[in-house]
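Me: I would like to learn how to read strands, cores, cysteines and charged pairs in a model. Please take them one at a time.

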Amino acid sequence: MTSEYYTQALVLAKEPTGEADSQVFLYTSDLGLVIAKAIGARKITSKLAGHLEPPNLVAVRLIQKNRFQIADALKISTLPKIKNWAPILDLIKELTAEGQPDSELWKMIEDKNLEGEEILRVLGFDRAFAVCQDCGAKTPDNFLLRRSEYVCSVCLAQSGSPAHFVLK
């Protein structure tokens with residue numbers, strides 16, 4: 001059975017697949033995280049190419065048979081160019097589950113009010129309740145996406161791992 005969805009989405013990431021296709025990671029208002037195939041999106045003549053770039057907000061038509069495929073996409077707006085969006089988009093991509101929409105997160109996206117610490121709170125990683133996972137120190141100031149954990153600056157320096165978010 002085939003289903004069709006019309007929704008708004010934030011383009012989180014795009015990865016090449018095959019010769020001309022892309023795998024696109026979207027956070028949608030209605031479906032949460034969606035990983036969809038965009039056939040021919042890497043061709044110069046593709047009607048989808050410019051629309052499916054992070055951090056665009058798009059109106060998208062998705063077809064679901066076995067997996068999602070992008071049928072159409074139209075850029076509505078883009079997030080302001082005042083900051084590097086890659087860490088924020090990675091955070092949403094890695095910490096949200098497919099098919100699990102979050103209305104509070106979507107409201108933040110619509111309002112273009114995406115701050116790392118606030119996103120972590122909405123996704124269940126509230127710093128107010130966090131301790132350093134290595135030494136137990138209260139109010140750690142770094143979040144490691146790879147481990148989905150908070151660590152203090154001392155333990156971060158000892159580990160040699162880069163922090164995904166440094167929280168002040």
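## Reading the barrel and its contacts

Reply: Start with one pair of residues: Lys37 stands opposite Gln69 in β5. Bear in mind that this is a predicted model.

Me: Which strands do the 2 bridges join, and do they run parallel or antiparallel?
Reply: The 2 bridges connect β3 (residues 32-38) with β5 (residues 68-78), and these strands run parallel. Ala36 is also placed opposite a residue of β5, namely Phe68.

Me: How do β4 and β5 pair, and over how many bridges?
Reply: β4 and β5 are antiparallel, with 9 bridges between them. A hairpin of 3 residues leads from β4 to β5. Within this pairing, Arg61 has Asp72 of β5 as its bridge partner.

Me: What do the strands build, and in which order?
Reply: The 5 strands form a closed barrel in the order β1-β2-β3-β5-β4, and the pairing is mixed. On average, neighbouring strands of the sheet are turned by 45° against each other, direction ignored. Helix α1 (residues 86-95) packs on this sheet and touches β1, β2 and β3, its direction making about 115° with that of β1. Helix α2 (residues 103-110) lies across β1, β2 and β4, at about 70° to β1.

Me: How should I read a nonpolar core, and how many residues has the largest one here?
Reply: As a general idea, nonpolar side chains in soluble globular proteins tend to be buried together. Here the largest nonpolar core has 27 residues, and Leu10, Leu114 and Ile119 have the most contacts inside it. Two or more residues each come from β1, β2, α1, α2 and α3 (116-122). The largest share, 5 residues, is that of α1. Leaving aside residues up to four places away in sequence, Ile119 touches Ile88, Leu91, Ile92, Leu105, Met108 and Leu114. Another core, of 17 residues, lies apart from it and includes Val24, Ala36, Leu48 and Ile70.

Me: How many disulfides does the structure hold?
Reply: The general test is whether two cysteine sulfur atoms lie within 2.5 Å. By that test there are 0 disulfides.

Me: Why is Cys135 not bonded to Cys155?
Reply: The sulfur of Cys135 has its closest cysteine sulfur in Cys155, and because the separation is 3.7 Å, they are too far apart for a bond. Cys155 is in no disulfide either, the nearest cysteine sulfur being that of Cys152, 3.6 Å away. Cys135 is partly exposed, at 48% relative accessible area, whereas Cys155 is buried, at 8%.

Me: How many salt bridges are there, and which residues are linked in a network?
Reply: To call a salt bridge, look for a side-chain nitrogen of Lys or Arg within 4 Å of a carboxyl oxygen of Asp or Glu. The structure holds 12 salt bridges. Glu4, Lys47, Arg61 and Asp72 are linked in a network of them. Glu4 pairs with Arg61, with the closest N and O atoms 3.0 Å apart. Glu4 belongs to strand β1 and Arg61 to strand β4, 57 residues apart. Asp72 forms a salt bridge with Lys47, also with closest N and O atoms 3.0 Å apart. Asp72 is in β5 and Lys47 in the loop between β3 and β4, 25 residues apart.

Me: Is Lys47 buried or exposed?
Reply: Lys47 is exposed, with a relative accessible area of 59%. Its partner Asp72 is partly exposed, at 26%.

Me: Which residue forms a salt bridge with Lys37?
Reply: Asp21 does, with 3.8 Å between the closest N and O atoms. Asp21 counts as buried at 18% relative accessibility, and Lys37 as partly exposed at 28%.

Notes:
Residues numbered from 1 in each chain as written. Predicted model: local features only at pLDDT ≥ 70, side-chain atom pairs only at ≥ 80, totals over all residues. Heavy atoms only, no water. Pairing = 2+ DSSP bridges. Helix = DSSP H or I, 4+ residues; strand = E, 2+ residues; numbered from the N terminus. Axes fitted to C-alpha atoms, helices over the stretch in contact; angles between N-to-C directions. Contact = heavy atoms within 4.5 Å. Core = buried A, V, L, I, M, F, W, Y, C linked by side-chain atoms within 4.5 Å. Buried < 20%, exposed > 50% of the residue type's maximum accessible area, 1.4 Å probe, protein only.
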